[in-house]
Amino acid sequence: MTSKPIFLYKSDPVRGRLWAEVFHRQAPHIDFRIWPDIGDAERVRYLAAWVPPPDLAHQFPNLELLFSSGAGVDQFDFSVLPPALPVVRMVEPGIVQGMVEYVTHAVLDLHRDMPRYRRQQREQCWQPLQVRTAAERRVGVLGLGSLGTAVLQQLRSLGFDCAGWSRTPHEIEGVPCHAGPEGLPAFLARTEILICLLPLTEATQGLLNASLFAQLPPGASLVQVGRGPQLVEADLLAALASGQLAEACLDVTDPEPLPAGHPFWTHPHIRLTPHIASMTQPLSAAEVVLDNLLRHATGAPLLGLVDRQRGY
Ligand code: NDP
């Protein structure tokens, strides 16, 4: 009988089979299993899940690490997780690349007035608008983590006038960085295209509200790729109605899927995508997780370790 430690995967099984290939190739000493084929529960040492099973401590008494199969951990109910269990979020190159592509596309679309041209086309209206250079367009990113930083680097390389905002001070070459509630007004006052790449926490819930929109220059636009509950829907609709905001590109909503008949579906100044800005790429994700298992075994710091106090 084998005594191999079990790595249990509880997420999309199709992607799980790709993880399994990487594990079989690179970590034959680990028994990789896909939920619900849990094997001997006492041997389950590692779990990767989008939604962990209830009563984790009781079901898997020897669990050492919990990985989120996605970049966020807001779907976890920390109050029911064993208090000492390390939780690791997904930081992998595939997610970063997907987000850089999505946000760059959204920013270029807004910068080059494409929402307006799409509306004009529907009206058979041939009306050129003055083209502004990227250097004249002030773009700001809320959240300077693995995604916000990569997005800013790409936007900067396209020549945009960029700034960032985070909880603690950051330094990014060529990008003025603001921090904390006291740094927010100056950041907002200069930002014409606002990108939200914040995790969902108590502090960021409802942050995208009327008061925040009012601090942006009139006619600014929003790209929301964080989490749905960060946006106060009624305040967005009011800001679009008054012209304080010109356009919104939303990849996340609350709830998801967005219910039928919701005003966002048909709003002429809202562009919706179904939470596809970026996705965990199974092959690179499995590599990153294997690297973290090695770190765990050697006592090195884990990449993407969640600080439960902060909530991300
Ligand atoms: P990180 O944890 O690497 O970075 C989070 C950033 O947000 C940090 O810079 C942090 O500040 C900042 N932050 C957190 N709380 C606050 C606050 N209260 N005030 C100001 N700044 C704050 O996360 P990632 O970059 O990997 O991911 C960010 C989020 O993107 C995810 O949590 C998820 O919600 C979303 N996402 C969306 C996807 C989609 O498809 N739509 C896909 C993947 C992720 P500091 O650096 O000071 O700690």
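This short talk covers how the two domains of this predicted model meet, and then looks at two residues, Ser68 and Gly98.

A word on conventions before I start. The model is predicted, so local features need pLDDT of at least 70 and side-chain atom pairs count only at pLDDT 80 or more, while totals for chains, interfaces and linings use all residues. Residues are numbered from 1 along each chain as its sequence is written, and side-chain values use heavy atoms, with hydrogens and water left out.

Let me begin with the domains, whose bounds come from an automatic or database domain assignment. That assignment gives domain 1 as 6-92 + 280-298 and domain 2 as 93-272, and their C-alpha centres lie 33 Å apart. Taking contact as heavy atoms within 4.5 Å, 12 residues from domain 1 and seven residues from domain 2 take part.

How much area do domain 1 and domain 2 bury between them? The figure is about 700 Å², with 58% of it on carbon and sulfur atoms; buried area here is the accessible area (1.4 Å probe) that two parts lose on being put together, summed over both. On the side of domain 1, Ala71, Asp74 and Glu92 supply 60% of the area buried against domain 2, more than any other three residues.

Turning to specific pairs, the count between the domains is one salt bridge, a term that requires a side-chain nitrogen of Lys or Arg within 4 Å of a carboxyl oxygen of Asp or Glu. The side chains of Asp74 and Arg227 meet in a salt bridge, at 3.0 Å from N to O. Across the interface there are also four residue pairs in polar contact, both residues at pLDDT 80 or more, where a polar contact is a pair of N or O atoms within 3.5 Å; within protein, one must be able to donate a hydrogen and the other to accept it, and residues adjacent in sequence count only if both atoms are side-chain atoms.

Now to Ser68, which is placed in strand β4, residues 65-68 (strands are DSSP runs of E, at least two residues, and helices of H or I, at least four, numbered from the N terminus). Is Ser68 buried or exposed? Ser68 counts as buried because its relative accessibility is 0%, the cut-offs being under 20% relative accessible area for buried, over 50% for exposed and partly exposed in between (1.4 Å probe, protein chains only). Its side chain makes a polar contact with the side chain of Gln75 at 3.2 Å.

Gly98, finally, is found in helix α3, residues 93-111, and at 16% relative accessibility it counts as buried. Leaving aside residues up to four places away in sequence, Gly98 touches Ala277 and Ser278.
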